[in-house]
Amino acid sequence: MSARPRGAGGSPPAQEAAAALPDSPPKTRHPVSLAVFFGLVGFVPANWLVRVPDVKAQVGASAGDLGLALLCGSLGSLAALTVAARLCERFGTRRVLVVAGFALCALLVLPGLAGSVRALGAALAFFGVAQSTFNIALNSTAVEVATASGNPLMPTLHGIFSVGGLVGAALGGLLADHLSPVVHLGLTALLGLAVTAAAGPALLRTGRATATATKTAGAAGAAAAAAGDGASDADRANAWRRVRWIVLAFGLVAACTAFGEYASNNWAALHLRQDLGATAAVAGYGYATYACAIAGGRFLGSRLIRRLGETAVLSGGFALAAVGVLVASWAGHLPGGGGLPVAFAGYVVLGLGLANVYPVCISRAGALGGPRGVSRISMSASVGILSQGPLIGFVADRRGLPLALSTVAVLAVLAAGVAFSLRGWTRPRTPATGAAPAHAAPTEPTTHTTSATSTERSQP
């Protein structure tokens, strides 16, 4: 990209950083506790989502009232993004992660206690703040661990998140027939608090080793200098200014993938029923197939990144997604009435294509800008999430749902081009798999600005 600064030798700083790295980056053990927290952040909110209809009836809300209450949760999440990044920079990502984990689980019970629409809106606003803070701290910690280990761990961790959501939704659906919302959410909250209490101390103990290894792995680069001993707010601000436009470009990619993911989440079942004549159960299976494709694709993501590199995963993933969504969207126009299996196959291809885009974007942004980079990716994704509903609904009312869903393909092609232009800032395939030569293989363009702050180094 034109915004990419050049080093003294005319090469991108990513390549200069690679030259300064040791041949074998320091390895740190991937903490099981981090994987547990990724599963938890999928599991806990899923239990609330399956109880939305019951809580709606409990507070006597109309559809419009429920929409406003849910909007309060979204606004709470958005409001917390920047604040969460500042907290991580000041107190360390792991400390914020553990505290936010306790808060997220404890606040889960509030929607079940709500007796009015206003109380529900307030409960969801607080829950949204805790969830957003937890997500920023969790992904920032994951970036630190991935940088220190030298392995692309983020896709696998996000795969665990997807599995946690599927398990939470399935278990919540079973409990919904037997327990009231407040009892169900209260038991889930207690389970989450117990898991946080068990996994939190182990994660805190890994802080010093991971921070030290991360600083060694990213010894070159402007942000690395800002992350050194005695880094001030001005140092971090200067480092952030150098990379913010690159982070913004990754944010555009993340917004496009969030648009595509949530368009499928919200409209797939309706499309299968309305345009392909599927029953409610079959339409539900269609969405489940898509969700499983995303989860499975993420568990393959680390291997694909090591073999192909992140640019190929990003651009190739968007190309697959464009094909998949077009096939799924227009399968109802196939002759002979055989469009339903074709649509299922299209959703599988779409899920596999989008599976690893967001994990790669948030990993790159976190490596460049620390928690600030993670929060900007989350903000960009929120734009994609919030915009897909009105846009697709508007086009569907006038031109039909197949054409409306085809907007996902348009954005996928756009994002593929942006991702390719960012190839100097992404992780290449590794030499162990017969990849590009070392001089063209930046393992980390730069390190994030918080992994070696004084608060992080003071952890046990």
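The following exchange goes through several labels given to this predicted model and the values behind them.

Colleague: Why is Cys88 called buried?

Modeller: Buried means under 20% relative accessible area, and Cys88 has a relative accessible area of 0%, so the label applies. Cys105 is also called buried, because its relative accessible area is 1%, under the 20% cut-off.

Colleague: How many disulfides does the structure hold?

Modeller: The structure holds zero disulfides, where the criterion is a pair of cysteine sulfur atoms within 2.5 Å.

Colleague: What makes Leu166 partly exposed?

Modeller: The relative accessible area of Leu166 is 35%, and since buried means under 20% and exposed over 50%, with partly exposed in between, Leu166 is called partly exposed. Leu166 is found in helix α8, and its C-alpha is 8.3 Å from that of Ala291, although the two are 125 residues apart in sequence.

Colleague: How do you know that the length of helix α7 agrees with what is expected?

Modeller: Helix α7, residues 117–149, has 33 residues, which at 1.5 Å a residue should span 48 Å, and because its end C-alpha atoms are 47 Å apart, the two values agree. Just after α7, Gly150 takes a positive phi of about 75°.

Colleague: Why is α7 described as largely enclosed by the rest of the structure?

Modeller: Of the 33 residues of α7, 24 are buried, so the helix is largely enclosed by the rest of the structure.

Colleague: What is the span of helix α9, and where does the helix bend?

Modeller: Helix α9, residues 181–205, has 25 residues and reaches 36 Å from its first C-alpha to its last, close to the 36 Å expected at 1.5 Å a residue. α9 nevertheless bends by about 30° at Ala199, with a proline, Pro201, following within four residues. Ala199 is one of the buried residues of α9, which also include His184, Gly192 and Leu203.

Colleague: How many cavities are counted, and what lines the largest cavity?

Modeller: With a threshold of 30 Å³ or more, the count comes to one cavity, and about 50 Å³ of space lies in the largest cavity. Its lining has 13 residues, of which Pro152, Met154, Pro155, Glu310 and Ser363 are the closest to its centre. The elements that give two or more residues to this lining are α8 (154–176) and α16 (357–399), and α16 gives the most, with four residues. By residue type, the lining divides into eight nonpolar, two polar and three charged residues.

Note on methods. Residues numbered from 1 in each chain as written. Predicted model: local features only at pLDDT ≥ 70, side-chain atom pairs only at ≥ 80, totals over all residues. Heavy atoms only, no water. 1 Å grid on protein atoms, 1.4 Å probe; cavity = no way out; pocket = protein on both sides within 12 Å on 5 of 7 lines; lining within 4 Å. Points joined across faces, edges and corners; volume = space filled by probe spheres on them. Nonpolar A, V, L, I, M, F, W, Y, C, P; charged D, E, K, R; others polar. Expected span 1.5 Å × (residues − 1). Bend = angle between axes of the 7 residues up to and from the residue. Buried < 20%, exposed > 50% of the residue type's maximum accessible area, 1.4 Å probe, protein only.
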